[in-house]
Amino acid sequence: MRFRAVVIDVDSTLVGLEGIDWLASRRGPELAQEVARLTTRAMEGEIPLEQVYGLRLAMIAPSREDIGALSAAYRNAVAQGAAVAIRRMRDAGVSVTLVSGGIREAILPLARELGLPASAVHAVSVRFDASGAYAGYDARSPLATQGGKESIVRDLALPRPVLAVGDGATDAAMRGAADAFGAFTFFVRRPAVIAAADLDIHSFARLAELVLE
């Protein structure tokens, strides 16, 4: 096979939605528009993620119930062919890891459905108080920063060669710790991310072909 490990982003790559934007939509159109604007600027590399990460969550203040609803939305929005491709790669002995700036508690149930252990999920945890209201997030997580995904991939010491796959500027940053970066373009095409990529990957079926050829 061409790659022994694959690192996959979640929002707008593994699933066809942006989790933070989806949560904001539950708070009304004005907040949703403002949060989406901040998300787009960060994903296109206009502003660093750390400048907007905590701000967006504070604006939304997602409850435990909101995160449960997002988890269900994730499972209903999985990219076509993703489950089959992940199974094919894992059956061939490829290490598959999810690295996301999204919310870990919302991603874990999706990962289980895809046959991935919790140890293969790297995302940002949120906290709730006794009533289930939002009580903050793990501000120490590298994944709440622009270059955090690169540092996580480097620390994982995955079997090489490593292919990183995602749609945004924070994903392209993983190129520094991987052997190749593939821009996933099924849900969104960001010119700056495609320009920084070694591969333009339009589907999970094509991802599996590239990894296993």
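**Exercise 1. Which residues does Tyr-134 touch, not counting residues up to four places away in sequence?**

Before we start, this is a predicted model, where local features need pLDDT of at least 70 and side-chain atom pairs count only at pLDDT 80 or more, while totals for chains, interfaces and linings use all residues. Residues are numbered from 1 along each chain as its sequence is written, and side-chain values use heavy atoms, with hydrogens and water left out.

Step 1. Find Tyr-134 in strand β5, residues 134-137. Helices (H or I, at least four residues) and strands (E, at least two) are DSSP runs, numbered from the N terminus.

Step 2. Look for contacts, meaning heavy atoms within 4.5 Å. Tyr-134 touches Leu-57, Ala-61, Pro-62, Ser-63, Val-126, Arg-127 and Phe-128.

Step 3. Check the burial. Buried means under 20% relative accessible area, exposed over 50%, and partly exposed in between, with a 1.4 Å probe and protein chains only. Tyr-134 has 19% relative accessibility, so it counts as buried.

Step 4. Try a distance. Tyr-134 and Ile-60 sit 74 residues apart in sequence, yet their C-alpha atoms are 9.1 Å apart in space.

**Exercise 2. Work out how α2 and α3 run relative to each other.**

Step 1. Take the axes, which are lines fitted to C-alpha atoms, for helices over the stretch in contact; angles run from 0 to 180 degrees between N-to-C directions. For α2 (residues 29-43) and α3 (residues 53-60), the axes come within 10 Å and cross at roughly 165°.

Step 2. Turn the angle into a word. Under 35 degrees counts as roughly parallel, over 145 as roughly antiparallel, 65 to 115 as roughly perpendicular and the rest as oblique. So α2 and α3 are roughly antiparallel to each other.

Step 3. Add the hand. A crossing is left-handed if the near helix is turned anticlockwise from the far one by less than a right angle, and right-handed if clockwise. The α2 and α3 crossing is left-handed.

Step 4. List who meets whom. From α2 come Leu-31, Glu-34, Val-35, Leu-38 and Thr-39, and they meet Leu-55, Arg-56, Met-59 and Ile-60 of α3. Sorted by type, the contact residues are six nonpolar, one polar and two charged. Here Ala, Val, Leu, Ile, Met, Phe, Trp, Tyr, Cys and Pro count as nonpolar, Asp, Glu, Lys and Arg as charged, and the others, Gly among them, as polar.

**Exercise 3. Describe how α5 packs on α10, then find the buried face of α10.**

Step 1. The axes of α5 and α10 are 8 Å apart, and the packing angle is about 15°. That makes the two helices roughly parallel, going by the angle rule, so no flip in direction here. Their crossing is left-handed.

Step 2. On the α5 side, the contact uses Ala-82, Ala-85, Arg-88 and Met-89; on the α10 side, it uses Phe-204, Leu-207, Ala-208, Val-211 and Leu-212. The split is eight nonpolar, no polar and one charged.

Step 3. Now pick out the buried residues of α10 (residues 204-212): Phe-204, Leu-207, Ala-208, Leu-210 and Val-211. Seen down the axis, they fall within an arc of 165°, so they line one face of the helix. The arc is that of the directions from the helix axis to the C-beta atoms.

Step 4. Look for the cover. Elements over these buried residues include β1 (5-8), α5 (82-91), β6 (162-166), β7 (180-184) and β8 (199-201).

**Exercise 4. Follow α7 into the loop after it, and look for unusual backbone angles.**

Step 1. Gly-148, Lys-149, Ile-152 and Val-153 are the buried residues to note in α7. They cover an arc of only 130° around the axis, which puts them on the same side of α7.

Step 2. Their cover includes β1, β2 (95-103), β3 (121-124) and α8 (169-172).

Step 3. Just after α7, Ala-157 takes a positive phi of about 50°, although it is not a glycine. Ala-157 counts as exposed, at 63% relative accessibility.

Step 4. Stay in the loop between α7 (148-156) and β6, where Pro-161 is placed. The peptide bond from Arg-160 to Pro-161 is cis, with omega near 5°.

Step 5. Finish with Ser-12, in the loop between β1 and α1 (19-25). Ser-12 has a positive phi of about 65° and is not a glycine, but Ser-12 is buried, with a relative accessible area of 8%.
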